[in-house]
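Please read the points below with the model open beside you. They are meant to be checked one at a time.

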Amino acid sequence: MALEAAKEMVRRYLADLMSEDWPNRITVYFTNPDELPQFMEEHKAFRQALADYHFEVEGMVGEDDTLVMWGMVTARYVAEYPIGQLKGLPATGERVGWREVWIYRFDGDRVIDFKLVGDSASQLQ
């Protein structure tokens, strides 16, 4: 996949993921249907715990078959999140934010590998 096409696909995915209708809009991005149920369950819990979810893209670069995007996540922590660094922390209703880096690898027009690196220390502040 050409770099500009990969960037556009990632931008569309992010917009669909942040939409109110995200459960109906993101399924087209999953090339392995076995991964979808777990993602849906985890992201549903994420959205219930972190209201007003937004990812502000700060940059995107790519080379060969790899695209890296980074930015800032913001949300309001309204319910306990049962996964990761926030697990067990009481919800405060306050705005929270942290930085994330998303790394994609492509084979043609398919995503074959995805990694997310988050600044978990700042989630706890």
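The notes below go from the sheet to the helices, then to the aromatic side chains and a few single residues.

1. Status of the model. This is a predicted model. Each statement here should be read as a description of that prediction.

2. The sheet. Begin with the strands, of which there are 4, forming an open sheet. Their order is β1-β2-β3-β4, and the pairing is antiparallel. The edges are formed by β1, residues 50–63, and β4, residues 110–118, each of which pairs on one side only. On average, neighbouring strands of this sheet are turned by 25° against each other, with direction ignored.

3. The β3 and β4 pairing. Strand β3 covers residues 95–107 and pairs with β4 in the antiparallel sense over 8 bridges. Two positions help in finding the register. Arg105 has Asp113 in β4 as its bridge partner, and Val101 stands opposite Val117 in β4. The two strands form a hairpin with 2 residues between them. In the turn, Gly108 has a positive phi of about 65°.

4. Helices on the sheet. Which strands does helix α1 lie across? Helix α1, residues 3–18, lies across β1, β2 (66–77), β3 and β4. Its direction is at about 175° to β1. Helix α3, residues 36–49, lies across β1, β2 and β3, and α3 runs at about 120° to β1.

5. Helix against helix. Two packed helices are described by the angle between their axes and the distance between the axes. For α1 and α3 the angle is about 60° and the axes are 12 Å apart. The two helices are therefore oblique to each other. On the α1 side the contact involves Tyr13, Leu17 and Met18, which meet Phe39, His43 and Arg47 in α3. Sorted by class, this contact has 4 nonpolar, 1 polar and 1 charged residues.

6. Aromatic pairs. The count of aromatic pairs comes to 10. One of them is formed by Phe55 and Trp102, with 4.9 Å centre to centre and 45° between the planes, and is tilted. Phe55 lies in strand β1 and Trp102 in strand β3, so this pair ties together parts that are 47 residues apart in sequence. Are these two rings buried or exposed? Phe55 is buried, with a relative accessible area of 2%. Trp102 is also buried, at 3%.

7. A further pair on Trp102. Trp102 and Phe114 form an edge-to-face aromatic pair, 5.8 Å centre to centre with 85° between the planes. This pair links distant parts of the chain, with Trp102 in strand β3 and Phe114 in strand β4, 12 residues apart. Phe114 has a relative accessibility of 38% and counts as partly exposed, whereas Trp102 is buried. Both rings belong to one aromatic cluster, whose members are Tyr13, Tyr29, Phe55, Trp102, Tyr104, Phe106 and Phe114.

8. Met60 and Lys7. Met60 is in strand β1 and is buried, with a relative accessible area of 12%. Leaving aside neighbours within four places in sequence, Met60 is in contact with Lys7, Val10, Arg11, Leu67, Val68, Met69 and Trp70. Lys7 belongs to helix α1. With residues up to four places away in sequence not counted, Lys7 touches Met60 and Leu67. Is Lys7 buried or exposed? Lys7 counts as buried, because its relative accessibility of 13% falls under the 20% cut-off. For a distance along the sheet region, take Met60 and Ala75: they are 15 residues apart in sequence and 22 Å apart in space, C-alpha to C-alpha.

9. Two positive phi values. Most residues other than glycine have a negative phi. Asp52 has a phi near 60°, a positive value in a residue other than glycine. Asp52 is placed in strand β1 and is partly exposed, with a relative accessible area of 47%. Asp64 also has a positive phi, near 55°. Asp64 is found in the loop between β1 and β2, and Asp64 is exposed, with a relative accessible area of 72%. Please look at both residues in the model.

Terms used:
Residues are numbered from 1 along each chain as its sequence is written. This is a predicted model: local features need pLDDT of at least 70, side-chain atom pairs count only at pLDDT 80 or more; totals for chains, interfaces and linings use all residues. Side-chain values use heavy atoms; hydrogens and water are left out. Two strands pair if DSSP finds at least two bridges between them. Axes are lines fitted to C-alpha atoms, for helices over the stretch in contact, and angles run from 0 to 180 degrees between N-to-C directions. Contact means heavy atoms within 4.5 Å. Rings of Phe, Tyr and Trp (its six-membered ring) pair if their centres lie within 6.5 Å; planes under 30 degrees apart count as stacked, over 60 as edge-to-face and the rest as tilted. Buried means under 20% relative accessible area, exposed over 50%, partly exposed in between (1.4 Å probe, protein chains only). Angles under 35 degrees count as roughly parallel, over 145 as roughly antiparallel, 65 to 115 as roughly perpendicular and the rest as oblique. Ala, Val, Leu, Ile, Met, Phe, Trp, Tyr, Cys and Pro count as nonpolar, Asp, Glu, Lys and Arg as charged, and the others, Gly among them, as polar.
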